[in-house]
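Visitor: Please take me through one part of this model in close detail. I would like to start from a single residue and work outward from there.

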Amino acid sequence: MLSKTMESAINEQLNKEMFSAYLYMAMSAYADENGLKGIAHWFMVQYHEEMVHAMKFYEYLQDQGNKVSLGAIEKPTGSFSSALTLFQAALAHEQFITKSINDLMELALKEKDHATKTFLEWYVTEQVEEEKNANDIIQILKMIGDNTAALYLYDKELSARTVNVPTNFTMGISAAMGGA
Ligand code: OFO
């Protein structure tokens with residue numbers, strides 16, 4: 001069983017992951033409204049990734065015999081000025097989440113909570129990929145600049161992103177991920 005401090009910190013992180021999903025849904029809507037269907041698709045895939053992040057925390061609390069306490073999800077911003085600022089906002093959010101995961105890891109180390117430390121290692125690795133994905137896209141969007149023809153083609157490329165995470169959690173997220 002987790003300490004009450006860890007239980008509350010993980011519930012807060014669960015909320016942040018749900019907010020991430022909500023934020024990326026808002027970003028997807030913005031892209032769709034502005035004719036960027038590939039970017040809209042990319043963010044909907046990201047939405048599914050965030051739901052997995054949230055559900056893993058949800059199930060971890062249950063596995064440890066702790067209480068899941070769901071709070072209100074903050075309203076995400078829905079106004080951006082370009083594809084570039086959209087991904088810059090996504091990167092800033094991922095950097096915030098990385099810090100939050102690092103803080104959780106610090107707490108696990110302080111409490112000598114080895115189970116939580118091992119559990120969090122998955123997120124530490126995941127955050128490297130999350131920041132890299134946003135950074136790679138930002139670099140390309142900076143190269144594209146005001147070239148709308150290039151943006152049109154790149155948007156098409158982003159529409160090829162596939163969903164590599166489970167989207168059905170009814171049997172539990174670990175089962176859906178094949179025990180991972
Ligand atoms: Fe995007 O990593 Fe979770 O929040």
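Guide: Ser-28 has a relative accessibility of 6%, under the 20% cut-off, so it counts as buried. This is a predicted model, so the values here are computed from predicted coordinates. Ser-28 sits in helix α1. Setting aside residues up to four places away in sequence, Ser-28 touches Ala-40, Phe-43 and Met-44.

Next comes Met-27. With neighbours within four places in sequence left out, Met-27 is in contact with Phe-43, Phe-80, Leu-86, Ala-89 and Ala-90. Phe-43 is therefore on the contact list of Ser-28 and on that of Met-27.

Now the core. The largest nonpolar core has 25 residues. Six of them touch the most other members: Met-27, Ile-39, Phe-43, Leu-86, Phe-87 and Leu-141. Five elements each give two or more residues to this core: α1 (4-33), α2 (37-63), α3 (83-110), α4 (114-144) and α5 (148-158). The top contributor is α1, with six residues. Apart from this core lies another one, of 19 residues. Its members include Ala-9, Ile-10, Met-105 and Phe-119. As a general point, nonpolar side chains in soluble globular proteins tend to be buried together.

For contrast, turn to a loop residue. Ile-73 is placed in the loop between α2 and α3. Is Ile-73 buried or partly exposed? Its relative accessibility is 36%, which lies between the 20% and 50% cut-offs, so Ile-73 counts as partly exposed. Ile-73 still has contacts beyond its neighbours within four places in sequence: Asn-15, Met-18, Phe-19 and Tyr-22. Ile-73 and Asn-164 are 91 residues apart in sequence. In space, their C-alpha atoms are 25 Å apart.

Last, the open space. The largest pocket has a volume of about 190 Å³. Its lining is made up of 13 residues. Closest to the pocket centre are Ser-82, Ala-83, Leu-84, Gly-145 and Leu-151. Three elements give two or more residues to this lining: α3, α4 and α5. By class, the lining holds seven nonpolar residues, five polar ones and one charged. The helices α3, α4 and α5 also each give two or more residues to the largest nonpolar core.

Terms used: Residues are numbered from 1 along each chain as its sequence is written. This is a predicted model: local features need pLDDT of at least 70, side-chain atom pairs count only at pLDDT 80 or more; totals for chains, interfaces and linings use all residues. Side-chain values use heavy atoms; hydrogens and water are left out. A nonpolar core is a set of buried Ala, Val, Leu, Ile, Met, Phe, Trp, Tyr and Cys residues joined through side-chain atoms within 4.5 Å. Buried means under 20% relative accessible area, exposed over 50%, partly exposed in between (1.4 Å probe, protein chains only). Helices (H or I, at least four residues) and strands (E, at least two) are DSSP runs, numbered from the N terminus. Contact means heavy atoms within 4.5 Å. On a 1 Å grid over the protein atoms alone, a cavity is a set of points where a 1.4 Å probe fits but cannot get out, and a pocket is an open set with protein on both sides within 12 Å along at least five of seven lines; lining residues have an atom within 4 Å of a point. Grid points are joined across faces, edges and corners, and a volume is the space filled by probe spheres set on the points. Ala, Val, Leu, Ile, Met, Phe, Trp, Tyr, Cys and Pro count as nonpolar, Asp, Glu, Lys and Arg as charged, and the others, Gly among them, as polar.
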